[in-house]
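Q: Before we look at anything, could you show me how to read the surroundings of a ligand, a metal site and a few single residues in a model of this kind?

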Amino acid sequence: MRKHLEIGSALQMRDFGISLAAQLRMGDLLLLDGPLGAGKTFLTQHILRALNVQGEVTSPTFVMMKSYQGDFSINHIDAYRLLDLVNPRQAFEELDIDFDSSITIVEWGAGFDLTGEALHIGIDLGEGEHRTLTLEGADSRWGQLQL
Ligand SMILES: Nc1ncnc2c1ncn2[C@@H]1O[C@H](COP(=O)(O)OP(=O)(O)OP(=O)(O)O)[C@@H](O)[C@H]1O
Ligand SMILES: [Mg+2]
């Protein structure tokens with residue numbers, strides 16, 4: 001599956017996050033990619049809120065990974081600092097995430113499809129609040145997303 005979605009505003013990005021969240025299930029891996037300020041953390045915040053995570057969700061840039069409890073156990077990772085390492089994928093593996101029992105969302109995640117079933121969400125910047133999303137996932141269930 002590969003499809004593009006035009007997002008006209010931050011509010012629309014929030015709504016995308018809410019409808020995606022409603023279709024997630026345990027074991028899902030979301031790999032977010034896009035330049036600084038694209039909205040990776042913003043999207044994650046709205047997905048987590050929709051999954052009933054209470055309290056503030058902040059960027060895990062310095063701690064690498066934060067885990068939350070909502071309707072699921074949810075891991076939020078910012079892999080930016082791994083990208084400069086000799087072997088980013090190995091460093092990612094060493095985070096030792098239990099994918100099966102949680103939902104995992106990775107900013108700067110393009111290279112880290114450890115389950116082979118990830119949904120890639122690319123975010124391209126447009127004018128103002130405009131963003132173009134590119135959704136890609138090898139697993140057949142992503143083709144059935146209602147967005
Ligand atoms: N359509 C949109 N979608 C998402 N965020 C938007 C949109 N329009 C404006 N914004 C604003 O852009 C900013 C995106 O910041 P955010 O921290 O989410 O980016 P990021 O991709 O996580 O960056 P970084 O690479 O630094 O982690 C937010 O302040 C948000 O309010
Ligand atoms: Mg971020």
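Q: Which element gives the most to the shell around ligand 1?
A: A residue is near a molecule if one of its heavy atoms lies within 4 Å of it, and helices (H or I, at least four residues) and strands (E, at least two) are DSSP runs, numbered from the N terminus. Here α2 gives the most to the shell, with three residues. This is a predicted model, in which local features need pLDDT of at least 70 and side-chain atom pairs count only at pLDDT 80 or more, while totals for chains, interfaces and linings use all residues. Residues are numbered from 1 along each chain as its sequence is written, chains are lettered from A and ligands numbered from 1 in the order in which they are written, and side-chain values use heavy atoms, with hydrogens and water left out.

Q: Which residues come nearest to ligand 1, and where are its polar contacts?
A: Of the 16 residues around ligand 1, those that come nearest are Gly 39, Lys 40, Thr 41, Phe 42 and Glu 129. A polar contact is a pair of N or O atoms within 3.5 Å; within protein, one must be able to donate a hydrogen and the other to accept it, and residues adjacent in sequence count only if both atoms are side-chain atoms. A nitrogen atom of ligand 1 lies 2.7 Å from a polar backbone atom of Glu 129, and an oxygen atom of ligand 1 is 3.1 Å from an N or O atom in the side chain of Glu 107.

Q: Which residues coordinate the magnesium ion?
A: Donors are N, O and S atoms within 2.8 Å of the metal (3.2 Å for Na, K and Ca), and sites may look incomplete because water is not among the atoms. The magnesium ion (ligand 2) is coordinated by Thr 41 (OG1) and Glu 107 (OE), at 2.1 to 2.2 Å. Since Thr 41 lies in helix α2 and Glu 107 in strand β5 (residues 103-107), the pair ties together parts that are 66 residues apart in sequence.

Q: Is Arg 141 buried or exposed?
A: Buried means under 20% relative accessible area, exposed over 50%, and partly exposed in between (1.4 Å probe, protein chains only). Arg 141, in the segment after β7 (131-137), is buried, with a relative accessible area of 12%. The side chains of Arg 141 and Asp 28 are joined by a polar contact of 2.2 Å.

Q: Where is Met 64 placed?
A: Met 64 sits in the loop between α2 (40-50) and β3 (65-69), and it is buried, with a relative accessible area of 13%. Met 64 and Asp 78 are 14 residues apart in sequence and 5.3 Å apart in space, C-alpha to C-alpha.
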